[in-house]
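Please open the model in your viewer and keep the sequence panel beside it. The stops below take you through strands and then a pair of helices.

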Amino acid sequence: MERELALEIVRITELAALASAPWMGRGNKDGADQAATSAMRYVLNSVSMKGTVVIGEGEMDEAPMLYIGERVGSGTGPELDVAVDPLDGTEIVAKGLNNALAVIAVADKGNLLHAPDMYMEKLAVGPELVGVLSIDDPLKDMISKAAKALNKRISDLSVTILDRERHKHLILQLRQIGVRIKLLTEGDVAGAIAPSLPEAGVDMYIGSGGAPEGVLAAAALRCLGGEIQGRLMSGTQEEYDRCKKMGFERPCQVLTMDDMVGTDDVIFAATGVTEGDFLSGVRYLSGQRAETDSIVMRAKTRTVRNIKSIHYLPNKEFFKEKVFS
């Protein structure tokens with residue numbers, strides 16, 4: 001992939017964040033999601049690439065655009081796999097909470113896993129724990145191995161997990177083991193990335209979340225030197241059959257980083273929509289301006305760029321054309 005593409009794709013997440021930010025605290029997660037999706041699609045089609053969406057808006061969010069298999073881009077340039085989550089944290093924006101992101105990842109054609117829209121069991125860690133833990137480890141053993149490798153007391157370890165009823169037993173076990181727990185209301189992608197960002201103060205991410213979000217997190221972690229392991233959770237015969245149809249010979253197999261994002265180059269970008277642990281949210285300034293805070297990363301060079309941009313909103317063609325109401 002051309003290195004210039006990194007700066008092109010951050011334009012995509014910036015506009016998605018700008019479009020969804022006005023919905024913060026309005027209690028309408030579908031409106032926020034549609035705004036982000038419309039904006040992301042709008043910019044995607046101006047980028048010089050022949051892209052195919054392999055991770056898109058699926059059944060869980062029921063958004064109208066950026067479906068799996070959709071062709072995006074200008075029709076010229078490299079053939080790429082595109083993974084998107086226009087708004088990771090629809091409920092977060094609706095309630096005015098923290099850690100909502102607009103997210104995209106691109107890789108050469110055939111590298112990104114076409115993950116079915118179902119839950120995935122996940123274990124994500126930072127560079128210091130790569131190759132140390134297994135998603136198959138009993139939780140107590142996993143925590144002990146992590147503490148030893150990080151030279152920390154178990155009571156000093158910090159584990160993040162989505163605050164869901166399905167995780168009640170895991171949260172209870174973690175408390176009995178004695179680690180510190182950070183519960184997330186939403187933000188599956190941000191949660192999995194956090195252990196690879198020193199400023200986040202998190203050692204591990206565990207639990208289940210969306211499989212598409214797992215692939216997006218894998219793209220970021222490839223750039224950051226972290227690791228994610230996953231396992232699809234086909235809870236019904238219908239989901240099991242869907243996995244088989246999509247080429248998963250053993251739907252319950254452990255999926256590695258190579259399975260999710262291949263071994264070649266990948267570019268990841270995210271822009272904060274609301275205030276977060278590692279990205280600030282959209283800030284409105286005087287004179288019809290807004291500030292965005294983004295991160296864009298490339299696996300090949302391991303370059304991580306933090307980009308703060310000031311946008312003069314009246315000059316944004318997307319808003320002039322009133323793509324969404």
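Two strands pair if DSSP finds at least two bridges between them, strands (E, at least two residues) and helices (H or I, at least four) being DSSP runs numbered from the N terminus. This is a predicted model, in which local features need pLDDT of at least 70 and side-chain atom pairs count only at pLDDT 80 or more, while totals for chains, interfaces and linings use all residues. Residues are numbered from 1 along each chain as its sequence is written, and side-chain values use heavy atoms, with hydrogens and water left out.

Select strand β3, residues 79-88, where nine of the ten residues are buried (under 20% relative accessible area, with exposed over 50% and partly exposed in between, for a 1.4 Å probe and protein chains only). Strand β1 (residues 50-55) pairs with β3 in the parallel sense over five bridges, and K50 stands opposite E79 there. Strand β4 (residues 101-108) pairs with β3 in the antiparallel sense over seven bridges, with A83 facing A105.

Move next to L123 in strand β5, residues 119-125, which counts as buried because its relative accessibility is 2%. Beyond its neighbours within four places in sequence, L123 is in contact (heavy atoms within 4.5 Å) with residues including L133, M142, Y205 and I228.

Finally, select helix α4 (residues 139-150) and helix α5 (residues 168-177), whose axes, lines fitted to C-alpha atoms over the stretch in contact, lie 10 Å apart at an angle of about 50°. L139, K140 and I143 in α4 meet L170, Q173, L174 and I177 in α5; the residues of this contact divide into five nonpolar, one polar and one charged.

Definitions and conventions. Axes are lines fitted to C-alpha atoms, for helices over the stretch in contact, and angles run from 0 to 180 degrees between N-to-C directions. Ala, Val, Leu, Ile, Met, Phe, Trp, Tyr, Cys and Pro count as nonpolar, Asp, Glu, Lys and Arg as charged, and the others, Gly among them, as polar.
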